[in-house]
Amino acid sequence: DRKSGCSDDTTAKIWCLKDDNWLHTLDGHVREIHTIRWSPSGPGSTNPHAPLLLATASFDATVRLWDAEKGVCVRVLASPHRDLVCGLAFSPNGLCLATGSYDTFVRLWSIQDGKIVHSFPTTSPVAASAVFEVCWNRGGDKLAACGTHSMLIVCDVSKLE
């Protein structure tokens, strides 16, 4: 029953779908917000006891996790991305967030503690590739990333150490 949007003014907003009322302005990034994603959690989801989160990715090279009910930032995923973050995807179980950046890296973050679980560069015989998008498969064991130089990577995350 929520919808959201992001803006060049460095904020994101959350509205209630039932009555189209504005609920929260999420303010904390210092540059434009490029993309946002809802977590697969909260009431009515397969993870009903976990809070509903909204992830925002910005040109400031950070990702913020927001409690969608309270409208407060609960975690900042800052560094080691060194350039704008374009791709965001929650794992199907909601425990991990994949990010992709112009810095050519894909990073997997623990939602629980905000630490990096895995990180890998998107290198190819042509060049390193900026990452535009990341996406999990339904089972949560594969992650795809796409970007510049016609790059497409599919990683079996179940085999990462």
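A residue is taken as buried when its relative accessible area is under 20%. In this predicted model, that description fits both Arg-107 and Asp-103, whose side chains come together in a salt bridge with an N to O distance of 3.6 Å.

This pair belongs with a wider set of charged contacts, as eight salt bridges are found across the whole structure. One of them joins Glu-69 to Arg-2, with 2.8 Å between the closest N and O atoms. Here distant parts of the chain are linked: Glu-69 lies in the loop between S6 and S7, while Arg-2 belongs to strand S1 (residues 2-6), 67 residues apart. Glu-69 counts as partly exposed because its relative accessibility is 42%.

A further salt bridge connects Asp-156 and Lys-159 (4.0 Å, N to O). Asp-156 has 22% relative accessibility and so counts as partly exposed, whereas Lys-159, at 65%, is exposed. Both take part in a network of salt bridges that also includes Asp-141 and Lys-142.

Aromatic rings add a little more to the picture. The charged end of Lys-3 is placed over the ring of Trp-15, 5.9 Å from the ring centre, and the search of the whole structure yields one aromatic pair.

Turning to open space, the largest pocket holds about 270 Å³. It is lined by 17 residues, of which Pro-51, Leu-53, Gly-94, Ile-111 and Gln-112 are the closest to its centre. Strands S6 (63-67) and S7 (72-77) are the elements that each contribute two or more residues to this lining. By character, the lining comprises eight nonpolar, seven polar and two charged residues.

Notes
Residues numbered from 1 in each chain as written. Predicted model: local features only at pLDDT ≥ 70, side-chain atom pairs only at ≥ 80, totals over all residues. Heavy atoms only, no water. 1 Å grid on protein atoms, 1.4 Å probe; cavity = no way out; pocket = protein on both sides within 12 Å on 5 of 7 lines; lining within 4 Å. Points joined across faces, edges and corners; volume = space filled by probe spheres on them. Helix = DSSP H or I, 4+ residues; strand = E, 2+ residues; numbered from the N terminus. Nonpolar A, V, L, I, M, F, W, Y, C, P; charged D, E, K, R; others polar. Phe/Tyr/Trp six-rings, centres within 6.5 Å; stacked < 30°, edge-to-face > 60°. Lys NZ or Arg CZ within 6 Å of the ring centre and 35° of its normal. Buried < 20%, exposed > 50% of the residue type's maximum accessible area, 1.4 Å probe, protein only.
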